[in-house]
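Visitor: I would like to learn how to read single residues in a model, and then the chain as a whole. Please show me the structure and begin.

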Amino acid sequence: MFSKASQHIVDFVFDDAVADVFPDMIRRSVPGYETVIPITGLIAAQHVRPGGRIYDLGCSLGATTLAVLKQLNDIPCDIIAVDNAPAMIARARELVTDTRVEFLEADVLDLEMENASIVLLNYVLQFISVDDRLTLLNKIQRSLLPDGRLILSEKICFEEREIQSYYDALHLQYKRANGYSELEISQKRSALENVMIVDSVDVHLARFEEAGFSHADVWFRCLNWASFLVSP
Ligand SMILES: C[S@@+](CC[C@H](N)C(=O)[O-])C[C@H]1O[C@@H](n2cnc3c(N)ncnc32)[C@H](O)[C@@H]1O
């Protein structure tokens, strides 16, 4: 997709066309994705006891859920995997058949959550309206058990213009090196412009604190993408 020139670029949506190419698209566009997902599974497994509950918010095709399942072996638990895109949830249901996983087609902003050992929010907050981000994080904080964790991954921005330009250029090179053409890169950028609003590491850290979390760490960073490990 985005490989043919279009007169009118519409806002990015997670529809059938995106679902068709999603694993390839995210791997080629998000530096570090192939490290973040398996390590997310590893971290999650440290906090899940038998009978525990995990929420995978904005689960797309279930890649993070699968990484968690791989580390949990046969431990009994409940994974609630949520996405508001029908195309994503339909395919995720076909790909992940483990009976411990329940897929919900729902908006994460409307979800009731409780007794969570782990909440996963990988590359999703950037698609949530800026005004709703604190409310969502506060809801996650209240849902976590005392030894639970939130794992959150995002694209990040920088306060200083020069640093921003430097990482923008590196990220562009990353996509070119992964075989994306100039046309694909520029059309995808236009489509995402209105729907993907990114924050700096400092904004994330301040928001975690305001939402009531006691501690937050950047556990992984690759170019302009970062992953946080956050304690309630
Ligand atoms: C970049 S993808 C996430 C990738 C996935 N977590 C992974 O690591 O493979 C963003 C996903 O968030 C979902 N999403 C965005 N806003 C949402 C919302 N308000 N409620 C539920 N899902 C949402 C989109 O439909 C999309 O599938």
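Visitor: In which strand does glutamate 102 lie?

Guide: Helices (H or I, at least four residues) and strands (E, at least two) are DSSP runs, numbered from the N terminus. Glutamate 102 lies in strand E3, residues 101-105. This is a predicted model: local features need pLDDT of at least 70, side-chain atom pairs count only at pLDDT 80 or more, and totals for chains, interfaces and linings use all residues. Residues are numbered from 1 along each chain as its sequence is written, and side-chain values use heavy atoms, with hydrogens and water left out.

Visitor: What does glutamate 102 contact, leaving aside its neighbours within four places in sequence?

Guide: Contact means heavy atoms within 4.5 Å. With those neighbours left aside, glutamate 102 is in contact with Ile79, Ile80 and Ala81. Serine 60 is 42 residues from glutamate 102 in sequence, and their C-alpha atoms are 13 Å apart.

Visitor: How is accessibility turned into a class?

Guide: Buried means under 20% relative accessible area, exposed over 50%, partly exposed in between (1.4 Å probe, protein chains only). Glutamate 102 has 44% relative accessibility and therefore counts as partly exposed. Arginine 133 has 0%, so it counts as buried.

Visitor: Where is arginine 133, and what does its side chain lie 3.1 Å from?

Guide: Arginine 133 is in helix H5, residues 130-143. A polar contact is a pair of N or O atoms within 3.5 Å; within protein, one must be able to donate a hydrogen and the other to accept it, and residues adjacent in sequence count only if both atoms are side-chain atoms. Here a polar atom of the arginine 133 side chain lies 3.1 Å from the backbone oxygen of leucine 125. Not counting residues up to four places away in sequence, arginine 133 touches residues including Phe127, Ile197 and Asp199.

Visitor: How should I read the sign of phi?

Guide: Most residues other than glycine have a negative phi. Asparagine 73 has a positive phi of about 50 degrees although it is not a glycine. Asparagine 73 sits in the loop between helix H3 (63-72) and strand E2 (77-83), and at 55% relative accessibility it counts as exposed. Asparagine 115 also has a positive phi, of about 50 degrees, in the loop between E3 and strand E4 (116-122).

Visitor: And the chain as a whole: how many helices and strands does it have?

Guide: The protein chain has eight helices and eight strands. Buried residues make up 48% of its 232 residues.
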